[in-house]
Amino acid sequence: MLNINDVVEALAGMIGEYFPDETVYQNRIPTDFVRPSFLVEAGAVQMSDASSECVDINAQFAVTTFVETDEYYNSHIPELRRRMMAVQELLAVGYLKVGGRYLHISGNMGPFFDYAEIKLTLSYQDDRPGGEDWPLMGEVNINMKGES
């Protein structure tokens with residue numbers, strides 16, 4: 001099963017490639033963090049039944065971007081909008097490469113305040129844990145009706 005930390009790493013790596021001169025934090029930011037920068041966080045993960053050997057996964061992630069502030073600690077709103085749209089366009093390809101897999105990005109929304117936060121939903125299927133331990137089927141009975 002895919003580890004959610006691998007998805008955070010892949011997302012942070014993608015943003016780091018596009019913005020090579022900026023820091024990309026993961027999961028939390030330090031008190032005196034560097035600006036401009038990004039923060040990548042994992043959120044809620046929903047698993048639902050897909051088949052006997054698979055589960056459907058919808059995982060939430062957030063990418064937050066920060067810009068320099070003025071003497072009153074106000075962010076520059078046009079620059080936040082530009083950065084938010086740059087990240088959304090980067091993710092508009094519709095997938096995120098994680099290892100040898102390509103996970104579908106099914107949601108991409110970006111509100112902003114004194115920072116811009118892009119909320120993502122990744123939807124994919126994965127192996128059901130424990131499936132390799134299930135016993136093999138031993139006997140099958142089939143009743144067929146019809147012409148002979």
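**Note on the predicted model: strands, helix α1 and core**

1. Strand β2, residues 37-49, and strand β3, residues 54-66, run antiparallel and are joined by eleven bridges. The two strands form a hairpin, with four residues between them. One pairing that fixes the register is A42, whose bridge partner in β3 is F61. The model is a predicted one, and the points below should be read with that in mind.

2. β3 also pairs with strand β6, residues 116-127. Twelve bridges join β3 to β6, and this pair is again antiparallel. Here D56 has Q125 of β6 as its bridge partner. β3 is thus bridged to β2 and to β6.

3. Helix α1 covers residues 4-18. Its 15 residues should span 21 Å at 1.5 Å a residue, and the C-alpha atoms at its ends are 22 Å apart, so the length agrees with expectation. At the N-terminal end, N3 acts as the cap: a side-chain oxygen of N3 lies 2.7 Å from the backbone nitrogen of N5. The buried residues of α1 include V7, V8, A10, L11, A12 and I15.

4. The largest nonpolar core contains 29 residues. Within this core, the residues with the most contacts are L11, F61, V63, L96, L120 and L122. Two or more residues come from each of α1, β2, β3, α2 (77-91), β4 (95-98), β5 (101-109) and β6. The biggest contribution, six residues, is from α1.

5. V63 deserves a separate look. Leaving aside residues up to four places away in sequence, V63 touches L11 and I15, and also F38, L39 and V40. Further contacts of V63 are V87, A116, E117, I118 and L120. Of these partners, L11 and I15 are buried residues of α1, while L11 and L120 are listed with V63 among the core residues with the most contacts.

6. S75 sits in the loop between β3 and α2. Is S75 buried or exposed? Its relative accessibility is 13%, below the 20% limit, so S75 counts as buried. With residues up to four places away in sequence left out, S75 touches R35, V67, E68, T69, L80 and D114.

7. I77 belongs to helix α2. At a relative accessible area of 27%, I77 is partly exposed, because the value falls between the 20% and 50% limits. I77 and A116 are 39 residues apart along the chain, and their C-alpha atoms are separated by 9.0 Å. A116 is also one of the residues that V63 touches.

How values were computed: Residues are numbered from 1 along each chain as its sequence is written. This is a predicted model: local features need pLDDT of at least 70, side-chain atom pairs count only at pLDDT 80 or more; totals for chains, interfaces and linings use all residues. Side-chain values use heavy atoms; hydrogens and water are left out. Two strands pair if DSSP finds at least two bridges between them. The expected span of a helix is 1.5 Å times one less than its number of residues. Buried means under 20% relative accessible area, exposed over 50%, partly exposed in between (1.4 Å probe, protein chains only). A polar contact is a pair of N or O atoms within 3.5 Å; within protein, one must be able to donate a hydrogen and the other to accept it, and residues adjacent in sequence count only if both atoms are side-chain atoms. A nonpolar core is a set of buried Ala, Val, Leu, Ile, Met, Phe, Trp, Tyr and Cys residues joined through side-chain atoms within 4.5 Å. Contact means heavy atoms within 4.5 Å.
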